[in-house]
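Visitor: Could you walk me through this one? I am new to reading structures.

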Amino acid sequence: MRKKLIGIAGGFALALSSSTSVLAQELTIFWAEWDPANYLQELVNEYEAETGVQVTVETTPWSDFQTKTFTELNAKGSAYDMVVGDSQWIGAASEAGHYVDMTEFFQKHNLTEVMAPATVKYYAEYPSDSGKYWSIPAEGDAVGWSYRKDWFEDPKEMEAFKAKYGYDLAPPATWAQMRDIAEFFHRPDEKRYGIAIYTDNSYDGLVMGVENAIFSYGGELGDYATYKVDGIINSEQNIKAVEMYRELYGFTPPGWAKTFFVENNQAITENLAAMSMNYFAFFPALVNEASNPNAAGTGFFANPAGPDGHQFAALGGQGISVISYSENKEESMKFLEWFIKDDVQKRWAELGGYTASAKVLESEEFQNATPYNKAFYETMFKVKDFWATPEYAELLIQMNQRLYPYITGGEGTAKDALDALAGDWNATFKKYNRVQ
Amino acid sequence: MATAVLTTLDPRSRAASRGMSDIAIRNLFIIPTIVFLIVFNIFPLLYSLGYSFTDFRASSSAPANFVGLQNYRDLLADPFIWNNFTITAKYVIVSVVGQVVVGFGVALLLNRDIPFKGLLTTLLLLPMMLSMAVVGLFWKLLYDPSFGIINYAFGLGTFEWLSNPDMALYAVALTDIWMWSPFVMLLSLAGLSAVPKHLYEAAAIDRAGSLYTFFRITLPLVAPILMIAIIFRTMEAFKTFDLAYILTSQPTTEVISIRLYKMAFQEWQTGMSCALAYIVLIMVLAITNIYVKYLNKVKER
């Protein structure tokens with residue numbers, strides 16, 4: 001009996017020792033399920049070929065990416081070594097000690113210069129302007145627009161548009177023009193509609209969409225340094241911007257009340273809408289004939305300017321962070337050193353990833369590689385983002401609760417909704433002692 | 001009494017030959033279950049009760065502070081939470097009434113000699129065997145205003161089932177009725193087949209009308225089992241999450257468990273969400289208790 005036990009224990013010990021030695025050669029990166037994650041897997045396969053370290057990109061659908069990540073982090077789990085986390089998570093993840101401090105790594109590799117400034121500010125630094133960094137900008141992203149070039153360039157349409165609105169039909173330079181064009185193409189009898197916008201309120205879809213209007217109208221969500229929101233989130237500009245978003249909702253296809261990136265690309269591929277809002281990360285699918293039968297007739301433009309000439313876009317994209325509970329932190333750092341190399345960043349862009357490397361972004365080669373890369377480059381230097389405080393999720397849900405009924409249901413007014421939101425946010429900041 | 005139920009161990013059995021008593025065998029079977037229940041049910045229940053009096057957040061490393069009844073006070077004073085409860089109540093009423101009417105109706109139709117009765121019953125039971133998430137996903141397609149088959153079949157044009165804030169909750173309830181009416185039907189059918197035939201014969205001799213027979217014989221005799229179906233369905237409808245979450249994101253369909261999920265796993269307000277979970281638990285217990293009292297009354301008759 002004793003011999004048997006010793007045998008079993010020995011077997012276990014052998015299995016454990018051999019499995020840990022294998023583990024050191026394996027790294028797991030957690031990300032959401034979308035095309036860029038597949039591109040990243042292709043990229044890291046090259047790392048394996050170079051070093052022998054196997055890197056796996058594990059994914060989960062967007063809708064539970066946040067929940068799954070934080071469940072793992074809060075449980076101090078070591079299942080993932082790195083996470084390509086959303087920009088607004090930095091506050092929550094750094095204050096709770098989930099992310100490894102990357103400030104030294106940043107300084108050593110001079111990343112504030114190497115990466116585009118907006119990506120450093122929003123994906124890596126927390127608190128704002130503190131000089132403390134928590135992630136390496138990995139997938140730059142922002143909201144842009146695709147449009148039906150073939151519809152826009154149809155001579156009959158151009159003539160009719162000019163007769164009705166008094167100016168030429170072209171990709172809109174302002175939100176007011178975008179509204180006119182949406183109205184012009186909105187023809188429910190022909191099953192053609194004006195515009196596709198984000199309306200999904202289960203995570204940050206609707207809020208991102210509205211942010212595009214707010215930022216370009218010259219508005220802000222609040223003062224990120226002092227947490228002041230009164231008179232900022234409910235400013236005149238923001239009221240006008242939200243009213244404009246509500247107006248655009250009137251020109252969307254039927255049933256457009258829980259839509260995000262999938263539906264908005266479908267609006268173009270299924271001949272539903274003339275213009276469609278989406279992250280640049282989803283544009284590769286639109287120039288691909290296999291996934292978009294209208295690929296030849298699809299064009300792109302950057303988020304238009306507001307009435308006073310301001311032009312900004314809502315930031316998407318993520319930085320890559322090392323998880324504090326990982327058993328392979330050193331190996332992860334080595335991987336990141338490889339990842340930030342110029343030639344790797346260039347390769348990342350070639351595979352379809354949106355590099356944040358300033359050098360690659362500025363290169364002619366990158367800007368001419370696709371029909372939307374130039375718009376992407378321009379946009380990445382004028383992006384703004386949501387709050388990154390640890391309680392951002394509450395702020396997000398409150399914004400959804402206040403705006404969604406007005407935008408999709410026409411309940412109340414934009415002013416009422418934003419005033420109420422200012423009240424909610426004030427109460428939340430008070431609760432967490434951000435303001436007195 | 002207990003000893004009358006417990007049979008003693010057969011002295012020739014292997015367990016007895018190893019010197020185990022019947023009490024030991026009984027404990028061997030019961031103790032693991034009890035331990036399992038305590039570890040996975042009772043302990044978390046009490047632990048979360050403790051958390052409900054704190055400002056604990058599972059997402060932060062900050063220690064939990066005792067806040068007394070503050071969470072309960074905040075929740076019960078929050079108009080959004082009351083709105084969630086109103087939506088849940090509306091959903092429970094529409095969905096359970098619908099299931100009872102449809103389920104009991106179909107059971108009455110099936111409770112006679114018809115060809116292929118067994119096959120028909122089995123086919124009718126299919127919806128409740130599907131996964132909630134799958135049902136949600138394909139009803140979303142059925143309801144689609146552009147290509148959904150429901151609008152096409154009924155000639156409703158581009159009627160917006162799920163994007164219309166006034167309609168969305170009914171659309172979710174309709175899906176729930178489709179899915180769970182078979183459950184009510186199954187229990188009703190069991191109740192109906194247990195009604196003694198001679199009662200109907202006696203009623204026929206007395207020339208009682210069909211309505212009279214239904215209200216004086218059928219319904220009272222099926223009532224207890226129907227009540228059990230209603231209790232189960234009410235509890236389930238009160239806790240509903242999957243269907244509403246998948247089908248639509250209208251604020252008018254945000255039932256209490258969706259709010260609870262967001263509070264616990266998106267906002268990570270662990271203390272507050274424990275308090276809300278307790279409020280929901282107390283409500284479900286109270287409603288079930290009322291039903292059980294009524295059930296006992298029905299049984300006494």
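Guide: What follows goes through confidence, the contact between chains, some helix pairs and a few single residues. This is a predicted model, where local features need pLDDT of at least 70, side-chain atom pairs count only at pLDDT 80 or more, and totals for chains, interfaces and linings use all residues. Residues are numbered from 1 along each chain as its sequence is written, while chains are lettered from A and ligands numbered from 1 in the order in which they are written.

Visitor: What is the mean pLDDT of chain B?

Guide: Chain B has a mean pLDDT of 90, and 97% of its residues reach 70 or more. pLDDT is the predictor's confidence in each residue, from 0 to 100. Where it is low, the predicted coordinates should not be read in detail.

Visitor: What ipTM does the predictor give the complex?

Guide: The ipTM is 0.75, and the pTM is 0.82.

Visitor: How many residues does the contact take from each chain?

Guide: Chain A supplies 26 residues and chain B supplies 22 residues. Two residues are in contact if their C-beta atoms, placed from the backbone, lie within 7 Å.

Visitor: Which elements of chain A give two or more residues to that side?

Guide: They are α3 (65-74), α4 (90-95) and α19 (392-409) of chain A. Of these, α19(A) gives the most, with eight residues. The names come from DSSP runs numbered from the N terminus: helices are H or I with at least four residues, strands are E with at least two.

Visitor: And how do the residues on chain A's side divide by class?

Guide: Into twelve nonpolar, ten polar and four charged. Ala, Val, Leu, Ile, Met, Phe, Trp, Tyr, Cys and Pro count as nonpolar, Asp, Glu, Lys and Arg as charged, and the others, Gly among them, as polar.

Visitor: Back to α19(A). At what angle does it pack with α20 of chain A?

Guide: At about 165°, with the axes of α19(A) and α20 (residues 414-431) of chain A 9 Å apart. Axes are lines fitted to C-alpha atoms, for helices over the stretch in contact, and angles run from 0 to 180 degrees between N-to-C directions. That makes α19(A) roughly antiparallel to α20(A). Angles under 35 degrees count as roughly parallel, over 145 as roughly antiparallel, 65 to 115 as roughly perpendicular and the rest as oblique.

Visitor: Is the crossing of α19(A) and α20(A) left-handed or right-handed?

Guide: Right-handed. A crossing is right-handed if the near helix is turned clockwise from the far one by less than a right angle, and left-handed if anticlockwise. Residues making this contact include Leu395(A) and Tyr406(A) of α19(A), and Leu421(A) and Trp425(A) of α20(A). By class, the contact has nine nonpolar, two polar and three charged residues.

Visitor: Now chain B. How do α13 and α14 cross?

Guide: The axes of α13 (residues 256-265) and α14 (residues 270-300) of chain B come within 8 Å and cross at roughly 160°. These two helices, α13(B) and α14(B), are therefore roughly antiparallel to each other. Their crossing is left-handed. Among the residues in contact are Leu260(B) of α13(B) and Leu276(B) of α14(B). The classes here are eight nonpolar, two polar and no charged residues.

Visitor: Which residues have a positive phi?

Guide: Phe116(B) is one of them, with phi near 55°, and Arg207(B) is another, at about 55°. Most residues other than glycine have a negative phi, and most peptide bonds are trans. Phe116(B) is in the loop between α5 and α6 (117-125) of chain B, and Arg207(B) is in the loop between α10 (197-205) and α11 of chain B.

Visitor: Is Phe116(B) buried or exposed?

Guide: Exposed, because Phe116(B) has 9 other C-beta atoms within 10 Å. Arg207(B) is exposed too, with 7. A residue is buried if 20 or more other C-beta atoms lie within 10 Å of its own, exposed if 12 or fewer, and partly exposed in between, with C-beta atoms placed from the backbone.

Visitor: Why does Ser326(A) count as buried?

Guide: Because Ser326(A) has 20 C-beta neighbours inside 10 Å. Ser326(A) is in the loop between β10 (318-322) and α14 (329-339) of chain A. Leaving aside neighbours within four places in sequence, its contacts are Ser78(A), Asp81(A) and Ser332(A).

Visitor: Where is the cis peptide bond?

Guide: Between Tyr126(A) and Pro127(A), with omega about -10°. Pro127(A) is in the loop between α7 (117-124) and β4 (136-139) of chain A.
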